Structure formats: C-alpha cells, structure tokens
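User: Hi! I'm new to reading protein structures and would like to walk through one with you. Could you pull it up so we can talk it over?

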Amino acid sequence: MATTTWNQDVNAGSDWEATINLMNVDKTNRDLTGCTLESKARRHYSSSSFYDIGIEIMDETLGTLRFYLSNTQTTSMNNGKYLYDVELTTTGTSIKERVIQGVITVRPEVT
C-alpha cells in the first residue's frame, strides 16, 4: 500500500491533536482490527533523539486515528521542522508497513 504524506503545523506550548482516516487504494476505509501503530518525530533521519507522537485507533473498522502531543512536549521541541512517520504492525503476521509520513513544523511561542 502507498504511504500517505501528511504535513502538520504545531504551535509550541500548546496541546496538539489531529485525526485521519486511513483508506485503501480503492478508497474504502482501511480496517485496523488487530493492528498496532507507532510514531516518532526526529529533526532528521539519522537523529538519535526523538519525540514519541501519541497515536490511538479511534475506530478500527473505519481506520480512524488520533495523533497527539502534549503542551509539555511541544514546549520542549525547538522551533522548526521535524520528520515523522507512522508504522503499522499487523499483529497476527508481524508485518510492518509505513502508512503515513510527513513534516511537522513547530511554530514559536510568544506568550
């Protein structure tokens, strides 16, 4: 399956969340029953440090996902761009697949 590119803007010092529905190539909802997901953000691909992006399946049969970062996390992130991706593991087969990738741009906080 093709990887979706989904770029996001995040305000430093704020709680952030976003939702997305994963779709199959034929534009039907992707069933995520029996799957786990993991997501990390890094300054560049070879960075040893990273931020865990919270991710949860809101509706398995519709493929609805919710991503989130706390205000503590966004405060500690330097302003600028971070690369991220989402890796899906099918539990029964242990097959791993990158389903989403993109850039998170952290905007500076004034207050």
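User: Thanks! Which residues of the largest nonpolar core touch the most other members?

Analyst: Happy to help, and please keep in mind that this is a predicted model. The largest nonpolar core has 25 residues, and those that touch the most other members are Ile-53, Leu-65, Phe-67, Tyr-84, Val-86, Ile-100 and Ile-104.

User: Which elements give two or more residues to this core?

Analyst: There are five names to look for: β3 (16-21), β4 (35-42), β7 (64-69), β8 (80-90) and β9 (95-107). As background, nonpolar side chains in soluble globular proteins tend to be buried together.

User: Let's zoom in on Phe-67. What does Phe-67 touch?

Analyst: Setting aside residues up to four places away in sequence, Phe-67 touches Trp-6, Trp-16, Glu-17, Ala-18, Ile-20, Ile-53, Gly-54, Ile-55, Val-86 and Ile-100. One of those, Ile-55, stands opposite Phe-67 in β7.

User: And β7 itself, how many of its residues are buried?

Analyst: In β7, 5 of the 6 residues are buried, so the strand is largely enclosed by the rest of the structure.

User: How many bridges does β7 have with β3, and how many with β6?

Analyst: With β3, the pairing is antiparallel over 6 bridges, and there Trp-16 stands opposite Leu-69 in β7. With β6, the pairing is also antiparallel, over 5 bridges. The hairpin of β6 and β7 has 4 residues between the strands, and Gly-63 takes a positive phi near 75° in that hairpin.

User: Okay, new topic: salt bridges. How many are there?

Analyst: The count comes to 8 salt bridges. The general idea is that side chains of opposite charge can pair when their charged atoms come close.

User: Which residues does Lys-40 form salt bridges with?

Analyst: Lys-40 forms a salt bridge with Glu-38, where the closest N and O atoms are 3.0 Å apart. Lys-40 also forms one with Asp-52, with the closest N and O atoms 2.9 Å apart. That second pair links distant parts of the chain, since Lys-40 is in strand β4 and Asp-52 is in strand β5 (residues 51-52), 12 residues apart.

User: Are those two acidic partners buried, exposed or something in between?

Analyst: Glu-38 is partly exposed, with a relative accessible area of 41%. Asp-52 is partly exposed too, with a relative accessible area of 41%.

User: What about Arg-66, which side chain does it meet in a salt bridge?

Analyst: Arg-66 meets the side chain of Glu-56, at 2.6 Å from N to O. This pair also links distant parts of the chain: Arg-66 is in strand β7 and Glu-56 is in strand β6 (residues 54-59), 10 residues apart. Arg-66 is buried, with a relative accessible area of 19%, while Glu-56 is partly exposed at 29%.

User: 19% sounds like a borderline case. Why does Arg-66 count as buried?

Analyst: Arg-66 counts as buried because buried means under 20% relative accessible area, and its value is 19%. There is a network here as well: Glu-17, Glu-56 and Arg-66 are linked by salt bridges.

User: Switching to rings: how many aromatic pairs are there?

Analyst: The count comes to 2 aromatic pairs. One of them is Tyr-51 with Tyr-82, an edge-to-face pair at 5.9 Å centre to centre, with 85° between the planes. Tyr-51 lies in strand β5 and Tyr-82 in strand β8, so the pair ties together parts that are 31 residues apart in sequence.

User: Are these two tyrosines buried or exposed?

Analyst: Tyr-82 is buried, with a relative accessible area of 3%. Tyr-51 counts as partly exposed, at 22% relative accessibility.

User: Which charged end sits over the ring of Tyr-82?

Analyst: That would be the charged end of Arg-43, 4.5 Å from the centre of the ring.

User: Last one: how is strand β2 laid out, and which strand do its bridges join it to?

Analyst: Strand β2 (residues 8-11) has a covered face with Gln-8 and Val-10, and an uncovered face with Asp-9 and Asn-11. In a regular strand the side chains alternate between the two faces of the sheet. As for its partner, 4 bridges join β2 to β9, and the two strands run parallel. Val-10 stands opposite Val-106 in β9.

Methods:
Residues numbered from 1 in each chain as written. Predicted model: local features only at pLDDT ≥ 70, side-chain atom pairs only at ≥ 80, totals over all residues. Heavy atoms only, no water. Core = buried A, V, L, I, M, F, W, Y, C linked by side-chain atoms within 4.5 Å. Buried < 20%, exposed > 50% of the residue type's maximum accessible area, 1.4 Å probe, protein only. Contact = heavy atoms within 4.5 Å. Pairing = 2+ DSSP bridges. Salt bridge = Lys/Arg side-chain N within 4 Å of Asp/Glu carboxyl O. Phe/Tyr/Trp six-rings, centres within 6.5 Å; stacked < 30°, edge-to-face > 60°. Lys NZ or Arg CZ within 6 Å of the ring centre and 35° of its normal.
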